[in-house]
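Here is a short report on one predicted model. Look at the strands before turning to the helices.

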Amino acid sequence: MAGKEFKFIHISDLHIGREITKKYSFLVPDQEIRVRRSPIKVLDNLVALAEEEQPDFILLAGDTFDDDMPSSDNYFKKFKNFLKKLDQLNIDIYIVLGNHDVDSDLLTSFEAKKLPENTYVFPAKNADTFTIDNFKVAIHGQSYPKKVVTEKLVEKFPKPVKDFYNIGLIHTSYENTYKLDETHNYAPTNKAMLDKFEYNYWAFGHIHKREILIQDPYIAVYPGNPQGLSTKPSETCNDISDGKGCFLVEVKNFEPELIFKPLDDARFFTAVTEVKKDQDISEIVNNTVKKIESIQNENPGKFLMITVELEGKSDYYNLILEEELLTSLNEELEYEDLNIIKCINKLKPSTKEDSLEAIESIVKELEGLGIEDLESFINETVFDHLTKKEFKKNLNKKFGDLPKSIPLTEQKFISDEIDEQESSEIVNNSKKIASRIINGLSYKDD
Ligand SMILES: [Mn+2]
């Protein structure tokens, strides 16, 4: 017998209350506020989606709150307000608790009838079934009874309701995705366990990366969290440029169609720049800027937090400093909806000889310059792209141990703060050093 057509939204792991910005204190105030609010902004975006799509119900698969959220908390009140808005739209919502929100007031508030009528929170003592006769839908679910649930809760789930579309709602570690030890492998499930049930759809929560685990003959799926929380791979949008969000599921004659819907306001990205051997520093920087701008173009209206990674083999592998690249990229890309939060230089030397050659060519360039040019060269090229320590380390490799009092490498930046005499001393010393290096002499003082 064919069931009625219906549609629902499957979402999990909102982690409302998580202080994302703790680690990103360098964000400017407006950016900080936007990122900090992003997990709660998901609720507004979800209401907007619900208004547009008019789903019949919403499934929330655990970790709604990041921790033990009391009902007096502002975030709890905002969530309750969100439930009310859905109630006004005539949309029911079915919730289970996960490991993060087990000690929140969500279940107790529901049991005390303090949540709107459209809201159902599954019990923690045992699995329960909620049937929607109108659509011939049976939702089976269970909340976590404690933070660390090592029991296989699903094994005690009810038998499917005949001729109904059966949905299992659970916060679970499927196939031990994170290869966790026994005590962290929460409410574990695996394919063999699910196969025994004749359910149609397993609505999972817990893993933050979106993934359809089983497609046929039934669905098992993690929608992933609707707002990235950090730079971890499961929280970033590298391979999913459409962001993070939820699944809208349209069921016709028991055939589900899953449509991903983004709900995030702030996105973590890793921009990888593939560097070729002979590209110089400015080329590498330009390519990185281009990469970031293309990410920006593909993600309009979103706040972007970007980690830059340089990969490949390069003659300049040791000349690019993460801190300096970060500063120069943020200066170049001064947009209010973008922040480069970290630069990681993973470049490797092309060959040992190549890298030494690169150092030598810098030194040669030094030697060939007049005093004034030399000053700006040292300032812009050497000190901008090389720490004193790195430079010294590489000179050491080629020319043996250097004394501690190397004028070039020990001097501060040539700047207005240094007087003329100091400045010419640095320049003269640098020329002397450069000439000694080029002539193959030891760098040690005579
Ligand atoms: Mn969890």
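## Strands β1 and β2

Strand β1 covers residues 6–11, and strand β2 covers residues 57–60. The two run parallel and are joined by four bridges. One position shows the register: His10 stands opposite Leu59 in β2.

## The six-stranded sheet

β1 and β2 belong to an open sheet of six strands. Its order is β4-β3-β2-β1-β11-β12, and the pairing is mixed. The edges are held by β4 (119–121) and β12 (255–262). Each has a single partner strand, so one side of each is left without a neighbour in the sheet. From one strand to the next, the twist averages 20°.

## Strand β8 and its partners

β8 spans residues 201–205. This strand is mostly covered, with five of its five residues buried. In a regular strand, side chains alternate between the two faces of the sheet. Here both faces are covered. Tyr201, Ala203 and Gly205 are buried on one side of β8, and Trp202 and Phe204 are buried on the other.

β8 pairs with strand β7 (residues 165–171) through five bridges, and the two run parallel. Within that pairing, Leu169 has Ala203 of β8 as its bridge partner. β8 also pairs with strand β10 (residues 219–222), in the parallel sense, over three bridges. There, Tyr201 stands opposite Ile219 in β10.

## Helix α1

Helix α1 runs over residues 29–53, 25 residues in total. At 1.5 Å a residue it should span 36 Å. Its end C-alpha atoms are 35 Å apart, which agrees. Even so, α1 has a kink of about 60° at Ser38, shortly before the proline Pro39. After the helix comes Gln54, whose phi is positive, near 50°.

Both Ser38 and Pro39 are among the buried residues of α1. The others are Val35, Val42, Leu43, Leu46, Leu49 and Ala50. The buried residues of α1 pack against β1, α2 (74–88), β12, β13 and β14. Two of these partners, β1 and β12, are strands of the six-stranded sheet.

## Ile33 in α1

Where does Ile33 lie? Its place is in helix α1. Is Ile33 buried or exposed? Ile33 has 12 other C-beta atoms within 10 Å. A residue with 12 or fewer counts as exposed, so Ile33 is exposed. Ile33 and Thr21 are 12 residues apart in sequence. In space they are 8.6 Å apart, C-alpha to C-alpha.

## Helix α5

Helix α5 has 18 residues, 281–298. At 1.5 Å a residue these should span 26 Å. The end C-alpha atoms are 26 Å apart, which agrees.

Ile284, Thr288, Ile292 and Ile295 are buried in α5. Seen down the helix axis, the buried residues fall within an arc of 70°, so they line one face of α5. Ser282, Lys290, Ser294 and Asn297 are exposed on the other side. What do the buried residues of α5 pack against? Their partners are β13 (266–275), β14 (303–314) and α6 (322–332). β13 and β14 are also packed against by buried residues of α1.

Key
Residues are numbered from 1 along each chain as its sequence is written. This is a predicted model: local features need pLDDT of at least 70, side-chain atom pairs count only at pLDDT 80 or more; totals for chains, interfaces and linings use all residues. Two strands pair if DSSP finds at least two bridges between them. Axes are lines fitted to C-alpha atoms, for helices over the stretch in contact, and angles run from 0 to 180 degrees between N-to-C directions. The expected span of a helix is 1.5 Å times one less than its number of residues. A residue is buried if 20 or more other C-beta atoms lie within 10 Å of its own, exposed if 12 or fewer, and partly exposed in between; C-beta atoms are placed from the backbone. The arc is that of the directions from the helix axis to the C-beta atoms. Two residues are in contact if their C-beta atoms, placed from the backbone, lie within 7 Å. The bend at a residue is the angle between axes fitted to the seven residues ending there and the seven starting there.
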